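Student: I would like a close look at a single part of this protein. Could you walk me through the sheet and what sits around it?

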Amino acid sequence: MFQAAKQTSKIQRHDKDDETLHVENGSTSYRLSLYDQPPLYDVTVEEFETSALDRLRILAEIESSAARNRTMEETKQMTIIQCGKYLPLNSNSASGVDIQAERRKDQLGHFVLRLAFCRSAELRRRFVKAEGTLFRIRYETDDSKERAAFLSSKDFNWISVDADEKEKYEAQLSHFVSNKTDPNAFKNETFYKVRWSTIPDLVEKRKVFLKGGFAYVPGREQASIIYAAFEERLEAALLATSRAIPLVDEETRLNPILDNLAQGFTAGVPSDWVGSGETTGEGITADMVDSLAKQHFPLCMRVLHQNLRKDHHMKHFGRLHYGLFLKVLGLSIDEAIAFWRKSFAGGPGADKFDKEYRYNIRHSFGLEGRRMNYPAKNCLQLHTAHEAGCPYRQLENSPENLQSALLSSYSAQGLTVDDLPEIMSQVRKKAYHVACTRVFEITHPRQVRKGDGLGDGESVTHPNQYAAKSIELEKEAKEPKMEVDN
Ligand code: SF4
């Protein structure tokens with residue numbers, strides 16, 4: 001699909017509604033796009049993946065916003081901040097930024113995600129909804145001149161209602177004029193005609209006049225026509241892509257990436273917070289783990305830690321998930337061996353330690369076997385793990401057990417019985433990471449407000465992200481405040 005384009009190709013045609021007019025090696029003239037044409041240039045596999053993952057963060061947060069009952073205005077503010085971090089897209093008037101690189105990434109990420117999310121009706125529906133919201137937010141925040149130029153370059157299949165027709169239907173159309181006290185309001189109002197079936201929202205809310213298969217739409221509702229057109233075109237394009245997907249299936253290198261992206265979206269969690277096995281914090285020692293677990297670990301890792309302390313033993317997947325988490329948290333190989341040896345002391349696996357477990361620990365640090373520095377498991381992987389995975393997911397059918405695990409793990413940090421209904425309602429919606437994010441907010445009340453998540457509205461996507469943020473907040477709270485001289 002993303003085949004090589006001739007680097008020298010110049011686009012000279014100026015047909016209306018033809019995005020090739022605006023695309024030259026991935027560049028576009030406008031910040032807004034209907035994504036009419038796929039990118040025609042070479043991309044590296046890394047670029048292919050990162051552009052999609054960064055876009056997926058935004059779309060997943062938009063979906064989480066609905067689960068967290070954010071208003072449209074709150075969703076908009078959160079999306080603007082997240083886009084600033086992961087998917088900036090500036091207007092032509094911006095200076096000091098590589099606008100074409102931003103647009104290329106925007107376009108590429110959109111088309112990669114189309115490949116991942118065209119595969120089922122449910123994925124298509126959710127993708128269209130999240131992309132539609134992103135488009136709407138960008139439309140509302142776009143530079144007004146640039147937006148007008150974008151609109152005039154496109155054909156949205158609307159017909160301007162001329163003066164004669166306006167007069168003919170004055171009795172009906174005048175109901176839709178906003179300022180009824182202004183005697184010139186009707187004269188100054190612009191109306192467009194579109195096929196009524198393309199704007200079901202406006203029809204349902206009775207915001208238009210219907211006649212002869214057309215809806216007569218007042219000018220102030222113009223944006224609704226555009227949003228509907230965006231979603232309608234995207235739906236059709238996804239369907240067409242799903243029919244062509246067997247061609248892509250032959251490209252085996254891309255399939256694991258596309259599968260991973262689709263899985264991440266299904267779980268509402270982009271899957272790459274920590275992509276490597278590198279440590280994210282300062283070094284920690286074996287002796288610090290107990291106190292860190294009590295204050296900073298998400299539920300999955302707290303449960304593993306508590307079980308380890310209780311049983312002096314842990315099965316393979318528990319050791320794997322918890323060991324990698326501690327490694328990324330900053331436990332060195334020597335400290336890890338000390339931690340695990342002490343944890344198993346007196347337990348059923350103590351005599352196996354030097355023969356078996358020591359090797360496994362060294363293996364996870366890349367010091368044995370294939371010598372790979374394995375990354376810690378992210379939420380998506382823990383949601384789908386059969387053992388030692390995400391407790392919100394694994395205990396969803398035992399709500400009493402989950403609630404008592406929450407209370408025993410977090411009551412010292414302020415979580416009470418009154419908080420449980422809200423958390424459990426997210427679990428019932430299968431929004432496990434939203435439940436976990438809410439617990440983070442409740443247990444860090446001095447630093448984060450409801451809706452802030454891990455900062456800027458971001459949801460939990462990785463246990464190490466949760467722990468690192470919690471440690472960071474504690475450090476900030478302890479740092480002496482700088483005195484500002486007036
Ligand atoms: Fe752990 Fe993620 Fe589940 Fe939270 S949502 S408990 S961090 S797997």
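**The sheet and its surroundings**

Tutor: Happy to, and let me start away from the sheet, with a loop residue: Asp456 is partly exposed, at 36% relative accessibility. Asp456 belongs to the loop between H21 and helix H22 (463–478). Its backbone deserves a glance, as phi of Asp456 is near 55°, a positive value in a residue other than glycine. Most residues other than glycine have a negative phi. Keep in mind that this is a predicted model.

Now to the sheet itself. Four strands make up an open sheet, in the order S1-S2-S4-S3, with antiparallel pairing. S1 and strand S3 (209–211) are at the edges, each with a single partner strand, so one side of each has no neighbour in the sheet. Strands of a sheet pair through backbone hydrogen bonds, either parallel or antiparallel.

Let us follow the pairing strand by strand. S1 and S2 run antiparallel and are joined by two bridges. One of these pairs Ile159 with Lys193 in S2, and Ser160 has Tyr192 in S2 as its bridge partner. On to the next pair: S2 and strand S4 (residues 214–218) are antiparallel too, over five bridges. Among them is the bridge between Arg195 and Phe214 of S4.

How enclosed is S2? Of the five residues in strand S2 (residues 191–195), four are buried, so the strand is largely enclosed by the rest of the structure.

Leaving S1 brings us to charges. Asp162 lies in the loop between strand S1 (159–160) and helix H6 (163–168). With a relative accessible area of 46%, Asp162 is partly exposed. Together with Asp164, Glu167 and Glu170, Asp162 forms a negative surface patch.

Finally, back to the region where H21 begins. Lys430 is found in the loop between helix H20 (420–428) and H21. Like Asp456, Lys430 is not a glycine and yet has a positive phi, here of about 65°. Lys430 counts as partly exposed, because its relative accessibility is 48%. Val434, by contrast, sits within helix H21 (residues 432–443) and counts as buried, because its relative accessibility is 3%. There is a long-range contact to look up in your viewer as well: Val434 and Ser65 are 369 residues apart along the chain, while their C-alpha atoms are separated by 9.2 Å.

Notes:
Residues numbered from 1 in each chain as written. Predicted model: local features only at pLDDT ≥ 70, side-chain atom pairs only at ≥ 80, totals over all residues. Heavy atoms only, no water. Patch = residues over 30% accessible without salt bridge, like charges linked within 9 Å, V, L, I, M, F, W, Y side chains within 5 Å. Areas by Shrake-Rupley, 256 points an atom, 1.4 Å probe, with all protein chains shown as cover. Salt bridge = Lys/Arg side-chain N within 4 Å of Asp/Glu carboxyl O. Lys, Arg positive; Asp, Glu negative; His and termini not counted. Charge placed at Lys NZ, Arg CZ, Asp CG, Glu CD. Buried < 20%, exposed > 50% of the residue type's maximum accessible area, 1.4 Å probe, protein only. Pairing = 2+ DSSP bridges.
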